[in-house]
Amino acid sequence: EALVISTAHLEGSEKHPYSGQHLSTSDIISTVEFNHTGELLATGDKGGRVVIFQREQESKNQPHRRGEYNVYSTFQSHEPEFDYLKSLEIEEKINKIRWLPQQNAAYFLLSTNDKTVKLWKVSERDKRPEGYNLKDEDGRLRDPSMITMLRVPVLRPMDLMVEATPRRVFANAHTYHINSISVNSDYETYMSADDLRINLWNFEITNQSFNIVDIKPANMEELTEVITAAEFHPHHCNTFVYSSSKGTIRLCDMRASALCDRHSKFFEEPEDPSNRSFFSEIISSISDVKFSHSGRYIMTRDYLTVKVWDLNMENRPIETYQVHDYLRSKLCSLYENDCIFDKFECVWNGSDSVIMTGSYNNFFRMFDRNTKRDVTLEASRENSKPRAILKPRKVCVGGKRRKDEISVDSLDFSKKILHTAWHPSENIIAVAATNNLYIFQDKVN
């Protein structure tokens with residue numbers, strides 16, 4: 001079942017770039033994304049690197065190795081830059097990675113830092129041409145007078161090489177930091193969203209984009225909300241949603257007008273006055289929004305909950321799941337250590353029946369929408385020896401603590417799971433815990 005997940009953990013052997021004990025900030029994983037088949041898994045980190053893992057093919061003598069992912073390619077996607085006009089450093093951290101569906105033997109992905117989106121081509125080479133006429137084997141030009149006969153160049157086999165090349169660089173379109181990129185279902189366009197604007201790009205055109213949402217007020221002192229996330233509908237190329245720091249979601253239709261400043265639908269849950277506190281506005285800010293694979297539902301994550309909305313009902317969510325309600329009494333200290341501003345992501349499983357999101361203490365949560373069961377699991381080195389079954393964890397709130405429970409006061413808030421991904425068709429999940437990547441899968445009998 002979806003909630004019993006065993007580990008195929010990429011234990012810290014050399015093949016694994018994210019398993020070092022010594023934490024350098026550049027190794028902190030900042031995004032995780034499966035491609036459309038699930039055969040590849042990409043991670044981006046604070047050092048501007050992209051690491052792609054490839055799934056092992058099943059072999060007769062080792063049927064259980066099917067779930068293992070090994071490093072396929074590593075490349076530097078972004079470098080640190082300096083904006084001389086604003087005297088600002090632009091960090092190289094990869095904010096998001098999005099795959100394009102595969103059209104030929106090569107793979108394409110978009111990666112973005114705060115300012116620049118790049119389209120990367122990842123391709124394999126296992127043959128090299130030999131026997132040029134004008135060059136010798138070392139690549140030096142030959143003396144034309146020495147060339148007496150015509151040679152036909154041939155392709156010779158060589159060791160497999162995986163090359164990553166930047167095919168397009170989409171720059172200079174964002175004044176503020178990019179928080180989301182989303183590929184349209186027409187596969188010809190994509191959008192990039194920052195705090196106040198959303199731009200629509202064509203993959204072939206790098207020097208211009210269309211501004212489709214602009215919520216910047218004429219006077220910046222009147223600014224009351226920012227865009228926190230945006231995503232295209234999985235099937236309708238004209239529809240997209242974006243969420244805001246005020247806890248609202250707007251659905252826009254690009255057929256209505258060129259600038260989508262008037263939304264088609266507006267999703268907002270009325271606030272419960274009994275829960276009102278100093279922190280209400282901060283914790284209602286939406287950190288992630290995701291369409292279900294079916295396109296019927298939207299899932300949003302705020303600080304304490306995950307909500308599922310039906311596109312046909314705007315006034316309240318159809319499901320609300322408490323991620324870590326025991327933190328409600330701890331908001332004061334979470335505000336002081338800035339954790340209250342952490343941006344947790346959320347993901348659907350392939351059939352939209354289970355949702356997953358992260359928490360603190362390296363915990364992550366799964367909610368089964370059909371059975372209404374939920375589970376807390378932990379991604380850490382101690383309890384994830386290969387093929388070990390993950391034990392559900394419990395957090396005890398007040399009262400007597402049972403021996404297998406962990407008290408709220410001993411949770412480690414520096415260990416947080418912000419980024420997770422779910423394989424598009426199987427029960428395989430990827431969980432980024434600081435600088436370690438864990439891959440868990442359904443129990444293999």
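Here are some exercises with worked solutions on the predicted model shown above.

**Exercise 1. Overall form**

Find out whether the radius of gyration of the chain agrees or disagrees with that of a compact globule.

*Solution.* Start with the length: for 445 residues, a compact globule would have a radius of gyration near 22 Å. Next, take the value for the chain, which is 24 Å, and the two agree. For the extents, the C-alpha trace spans about 90 × 60 × 40 Å along its principal axes. To finish, look at the secondary structure: the chain holds two helices and 32 strands.

**Exercise 2. Inside and outside**

Work out what share of the residues is buried, and what share of the exposed area comes from carbon and sulfur atoms.

*Solution.* Of the 445 residues, 49% count as buried. The chain exposes about 22500 Å², and carbon and sulfur atoms supply 49% of that area. Then turn to contacts: among those between residues at least 6 apart in sequence, 54% join residues at least 24 apart.

**Exercise 3. A salt bridge across the sequence**

Locate glutamate 426 and arginine 55, and decide for each whether it is buried, partly exposed or exposed.

*Solution.* First, check the pair: the two side chains meet in a salt bridge, with an N to O distance of 3.0 Å. This bridge links distant parts of the chain, since the partners lie 371 residues apart. Glutamate 426 sits in the loop between strand 30 (419-422) and strand 31 (428-433), while arginine 55 belongs to strand 4 (residues 49-55). Now classify them: glutamate 426 has 34% relative accessibility and so is partly exposed. Arginine 55 has a relative accessible area of 4%, which is under 20%, so arginine 55 is buried.

**Exercise 4. A second pair**

Are glutamate 225 and arginine 250 buried or exposed, and where do they lie?

*Solution.* Their side chains form a salt bridge of 3.3 Å, N to O. Glutamate 225 lies in the loop between strand 15 (210-214) and strand 16 (227-232), and arginine 250 in strand 18 (residues 249-253), 25 residues apart. Both glutamate 225 and arginine 250 are buried.

As a follow-up, the salt bridges in the model number 26. Asp27, Asp45 and Arg49 are linked in a network of such bridges.

**Exercise 5. A nonpolar patch**

Which residues form a nonpolar patch on the surface together with Phe278?

*Solution.* The partners are Tyr335 and Phe341, and the three residues together have about 340 Å² of accessible area. Phenylalanine 278 is found in the loop between strand 19 (265-267) and helix 1 (280-284). With a relative accessible area of 63%, which is over 50%, phenylalanine 278 counts as exposed.

Definitions and conventions. Residues are numbered from 1 along each chain as its sequence is written. This is a predicted model: local features need pLDDT of at least 70, side-chain atom pairs count only at pLDDT 80 or more; totals for chains, interfaces and linings use all residues. Side-chain values use heavy atoms; hydrogens and water are left out. A salt bridge is a side-chain nitrogen of Lys or Arg within 4 Å of a carboxyl oxygen of Asp or Glu. Helices (H or I, at least four residues) and strands (E, at least two) are DSSP runs, numbered from the N terminus. Buried means under 20% relative accessible area, exposed over 50%, partly exposed in between (1.4 Å probe, protein chains only). Patches are made of residues with over 30% relative accessible area and no salt bridge: like charges are joined within 9 Å, nonpolar side chains (Val, Leu, Ile, Met, Phe, Trp, Tyr) within 5 Å. Accessible areas come from the Shrake-Rupley method with a 1.4 Å probe; for residues, only the protein chains shown count as cover. The radius of gyration is taken over C-alpha atoms; the globule rule is 2.2 Å times the number of residues to the power 0.38. Contact means heavy atoms within 4.5 Å.
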